[in-house]
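Please describe this protein model for a reader at the bench, beginning with one residue and its surroundings and widening from there to the whole chain.

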Amino acid sequence: RCAYCLSSMEIKLRLFDPARLYPEFERLIDRGVKLFKFLDRSFNAHPRRAVEILTFFLERLRPGMCLHMELQPDRIPELLRECILKFPPGVLQFEVGVQSCNAEVLERIQRRQDPEKTAENLAWLCAESGAVVHADLIFGLPGESMESMAAGFDRLVPLAPDRLEVNPLKLLRGTPLEKLVDAHGLVFDPEPPYCLLESPQVSREQMERLQRFDRFWEIFYNSGHFTRSLPLLWEGEGRSPFACFTSLAEWMYQRHGRAHGLHLRDLVEDFFAFATGPGGVSAEQLAPKLAEDYQAD
């Protein structure tokens, strides 16, 4: 029922008969299919059913097989955890839509989700399971301030998901979000992809900075190129990953005027210059980590 999502237009959750599903899965496996992507918005809406489907594949697991599904982050009970732990590392890929860590914001967009349980489950998935975890945050949700967004980001980054998407809110025609536009003073770009331009809590200039933040976050974090070195920016008590990375993103934008077409070797040199300068990281601490990252690629 999330206000920004087209799936909110479909009220009823439909469940296919397992007697129909499993023979189809079996035929695909026999034909050599290795990548299965489940399109359910919440694969674990019924945890016991999710366990049954996962168990079916676990019993037929073959080298190179991968299962990709979207999970409701606050609904991972013990029986589902036990099943997930049975899979070898990398077989399961989970999209975990957090969107916001602010309970009031979640209620405003009709997203039924417990932020505390979400954080607990995400921490478990990242630390204990062998699943590849992609988490999502949306910047600019109705009523959410920069401080709230920063707090949510800072809460998720230490959990170290494999990817953390930070995308601006978009207005899809026909979604309930259209009814919230005037009430919450939201201004969207009339051109695709219809991104939020400003709100009463986030100015147009701040939204532009967030979009730059998003693009450079893809380059430095989600690419996996700086896995060992990037966390040094916010290492230490009281340091904010959001504030630290915002500084890096703005420094990079002032230096290049763009967030595309940048060679990895140049990115490494730029990161070293920023981290050992404005970033406050010692060269002795950074150099070996950065060298490992570069050699890994």
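Leaving out residues up to four places away in sequence, Asp136 touches Glu95, Val96, Gly97, Val98, Gln99, Leu164 and Glu165, where contact means heavy atoms within 4.5 Å. Asp136 belongs to strand β4, and helices (H or I, at least four residues) and strands (E, at least two) are DSSP runs, numbered from the N terminus. With a relative accessible area of 18%, Asp136 is buried; buried means under 20% relative accessible area, exposed over 50%, and partly exposed in between, computed with a 1.4 Å probe on protein chains only. The C-alpha atoms of Asp136 and Leu164 are separated by 5.6 Å, although the two residues lie 28 residues apart along the chain.

The model is predicted, and local features need pLDDT of at least 70, side-chain atom pairs count only at pLDDT 80 or more, while totals for chains, interfaces and linings use all residues. Residues are numbered from 1 along each chain as its sequence is written, and side-chain values use heavy atoms, with hydrogens and water left out.

One of the residues that Asp136 touches, Gln99, has a backbone feature of its own. Its phi is positive, near 70°, in a residue other than glycine. Gln99 is part of strand β3, which covers residues 92-99, and it counts as buried at 9% relative accessibility. Ala160, which is not a glycine either, has a positive phi of about 60°. Ala160 sits in the loop between α6 and β5 (163-168) and is partly exposed, its relative accessible area being 47%.

Another backbone feature is the cis peptide bond that joins Pro192 and Pro193, with omega at about 5°. Pro193 lies in the loop between β6 (187-188) and β7 (196-198).

Which elements do the buried residues of α8 pack against? They pack against β4 (132-139), α6 (146-156), α7 (204-222) and α9 (264-275). Helix α8 itself runs over residues 241-256, a total of 16 residues, and reaches 22 Å from its first C-alpha to its last, close to the 22 Å expected at 1.5 Å a residue; the expected span of a helix is 1.5 Å times one less than its number of residues. Its buried residues are Pro241, Phe242, Cys244, Phe245, Thr246, Leu248, Ala249, Glu250, Trp251 and Met252. An α-helix has 3.6 residues a turn, so residues three or four places apart point the same way. After α8 comes Gly257, whose phi is positive, near 70°.

The packing of α8 against α9 can be followed at a single residue. Asp270 has its place in helix α9 and counts as buried at 6% relative accessibility. Leaving aside its neighbours within four places in sequence, Asp270 is in contact with Trp251, Met252, Arg255 and His256.

Leu85 offers another local view, in the loop between α3 (78-84) and β3. With a relative accessible area of 48%, Leu85 is partly exposed, and its contacts, apart from neighbours within four places in sequence, are Trp124, Glu128 and Ser129. Gln295, in helix α10 (residues 283-296), counts as exposed at 66% relative accessibility.

The table collects C-alpha separations of residue pairs.

| Residue pair | Apart in sequence | C-alpha to C-alpha |
|---|---|---|
| Asp136 and Leu164 | 28 residues | 5.6 Å |
| Leu85 and Gly130 | 45 residues | 7.2 Å |
| Gln295 and His225 | 70 residues | 9.7 Å |

For the chain as a whole, 73% of the contacts between residues at least 6 apart in sequence join residues at least 24 apart. The protein chain has 10 helices and seven strands. Its radius of gyration is 21 Å, close to the 19 Å that the globule rule gives for 297 residues, so the chain is as compact as a globular protein of that length; this radius is taken over C-alpha atoms, and the globule rule is 2.2 Å times the number of residues to the power 0.38. The C-alpha trace spans about 60 × 50 × 35 Å along its principal axes, and buried residues make up 45% of the 297 residues.
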